[in-house]
Amino acid sequence: MKEFRLQTLPWNVIFGAGKLAALPQELTALGLERALVLSTPEQAADAERIAALLGDACAATFTGARMHVPADVAAAAANKARECGADCSVSIGGGSTTGLGKALALDPGIPLVAVPTTYAGSEMTNIWGMTDGGRKRTGRDLRVLPRLTIYDAELTLDLPPAIAGPSGMNALAQATINAKDPRTNPVIASMALEAIRAIAAALPIVMQSPRDLDARGELLYGASLAGAALGAGVTSLHHRLCHTLGGSFDTPHAETHTILLPYSVAYAAPAVPVLMERIARALGADDAARGIHALSTSLGLPTSLRDIGIGQGDLERIADIATETEVVNPRPVTREGVLDLLHQAWEGKPPV
Ligand code: NAD
C-alpha cells in the first residue's frame, strides 16, 4: 500500500490560446497596479506589446534580461523597479527572463507575473539562480514562485525549432528525472508521466510544423507539468552533471540536458525497472533510455558531448567535480560509474 505526504506549491495558472488578453484584469484582481515589464533585447517587441496592453498599469519596461541572470543585470532591473515605483514585474520570455523576474521578487521584493514563451518551466518552480563573477548560485524560496502564470501558446509560434527542440528536451528531462525517482511523490510522478507523454507526442510535430497551434499548446502543457514536477520534486545525478558542465565548461543549458538525459536514465535503470517501464510506455518506446536517445536523434538534436565542445580529455575532470560531494540518485553514484556514463555521452551512441 502506498504511503506518502504530499506538499505542493501554490501554483496559479491560466492556460489557453489567446489568454494573454486577460492580463490587465488579472493584475487588477491581484491588487497589482504598476508593472515593470521584462524581456530580453530579442523580445523587446513582445515587452512593448504587453506595455500597450497594460496601458497605465505599465510603469516601465526593462529589456536587458540575459541568460543565467547576471548580478549586474538584476541590479540594474532592481534600480529601474525602484525608480518607477513598480509593485510587480511581468516577464515575457524564456527561463532567462523569468529568472530576472525571480531576482526582483527577492530584491526589491516585488511579486512576479510570468508569461512563458519557451519550455524551460522555471515559472512553475520556487528555484532562483544568479551569476556573479562566473559562478552561478541557486536556491529555493517561495517568494520567487510567480503570483500568476499565463500560458498562451500563440506566443510560442515564432520560437525557432533550433531553440524549441533542446528546450522541449530540457522539459522532458525535468519530467523523466522525477518519474524515475522513488523519492518523488506518486502524485507528482503522475504529473511527470503525463508531461512525458505530451512532450514526446508534440515535440516532433512542433519541429516539423512550428506554426501548428495545437501541437504548440500540447508541448507547452507538457512543459508546464514538467516544470511543476521539478518544482515539487527532486534532483539527482542528471542535474549534478548538467550543473558541472554548465558551471565549469560553460556548455549551453538546454543542449547539455538533451545530450546527458538518455545516459543518466540508463545509469539509473537497473535500480528502478518498474518506473523505467512506465516511462517507456509514456514515451511510446520499448526502452526508456534508448527511446529518449532515438527521439533526440530523430529531431536532429545534438546527442554527444563532443557536439558541444567537450574533449575526451575533459571527462576525468568532469567525473571528479561531479562526485566531489554526495549525490542522491536511484542507483548509487560512483566515480567509475559516472566516468563510464560520460564516455558513452561523449561518443553519443545509443546508451547501453
Ligand atoms: P532563454 O530564456 O535564454 O531564451 C532563449 C532565446 O529565445 C532568448 O533570446 C529569448 O528572447 C528567445 N525567445 C524566447 N521565447 C521566444 C519566442 N516565443 N519567440 C522567439 N524568441 C523567443 O532560454 P530558456 O531555455 O527558456 O531558459 C534558460 C534559462 O532558464 C537558464 O538560465 C536556466 O538555468 C533557466 N532555468 C531555470 C529554471 C528554474 O526553475 N529556476 C528552470 C529551467 C531553466
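Okay, let's start right at the ligand: one of its oxygen atoms sits 2.6 Å from an N or O atom in the side chain of T40. T125 does something similar, with a side-chain N or O atom 2.6 Å from an oxygen atom of the ligand. Then there's I127, where the backbone takes part: an N or O atom there lies 2.9 Å from a nitrogen atom of the ligand. On its own the ligand has 870 Å² of accessible area, and the protein covers 85% of that. Do keep in mind that this is a predicted model.

So who else is around the ligand? The shell has 23 residues, and the closest are T40, S96, T117, T118 and T125. By character, 13 of the shell residues are polar, six are nonpolar and four are charged. As for helices, α4, residues 95-106, and α5, residues 161-179, each put at least two residues into that shell. The largest share comes from α4, with three residues.

Okay, zooming out to the protein chain. We've got 13 helices and eight strands here. The radius of gyration is 20 Å, which agrees with the value near 20 Å that a compact globule of 352 residues would have. If you box up the C-alpha atoms along the principal axes, you get roughly 60 × 40 × 40 Å.

What about burial? Of the 352 residues, 56% count as buried. The chain exposes about 14800 Å², and carbon and sulfur atoms supply 51% of that.

Last thing, on contacts: take the ones between residues at least 6 apart in sequence, and 75% of them join residues at least 24 apart.

Terms used
Residues are numbered from 1 along each chain as its sequence is written. This is a predicted model: local features need pLDDT of at least 70, side-chain atom pairs count only at pLDDT 80 or more; totals for chains, interfaces and linings use all residues. Side-chain values use heavy atoms; hydrogens and water are left out. A residue is near a molecule or strand if one of its heavy atoms lies within 4 Å of it. A polar contact is a pair of N or O atoms within 3.5 Å; within protein, one must be able to donate a hydrogen and the other to accept it, and residues adjacent in sequence count only if both atoms are side-chain atoms. Accessible areas come from the Shrake-Rupley method with a 1.4 Å probe; for residues, only the protein chains shown count as cover. Helices (H or I, at least four residues) and strands (E, at least two) are DSSP runs, numbered from the N terminus. Ala, Val, Leu, Ile, Met, Phe, Trp, Tyr, Cys and Pro count as nonpolar, Asp, Glu, Lys and Arg as charged, and the others, Gly among them, as polar. The radius of gyration is taken over C-alpha atoms; the globule rule is 2.2 Å times the number of residues to the power 0.38. Buried means under 20% relative accessible area, exposed over 50%, partly exposed in between (1.4 Å probe, protein chains only). Contact means heavy atoms within 4.5 Å.
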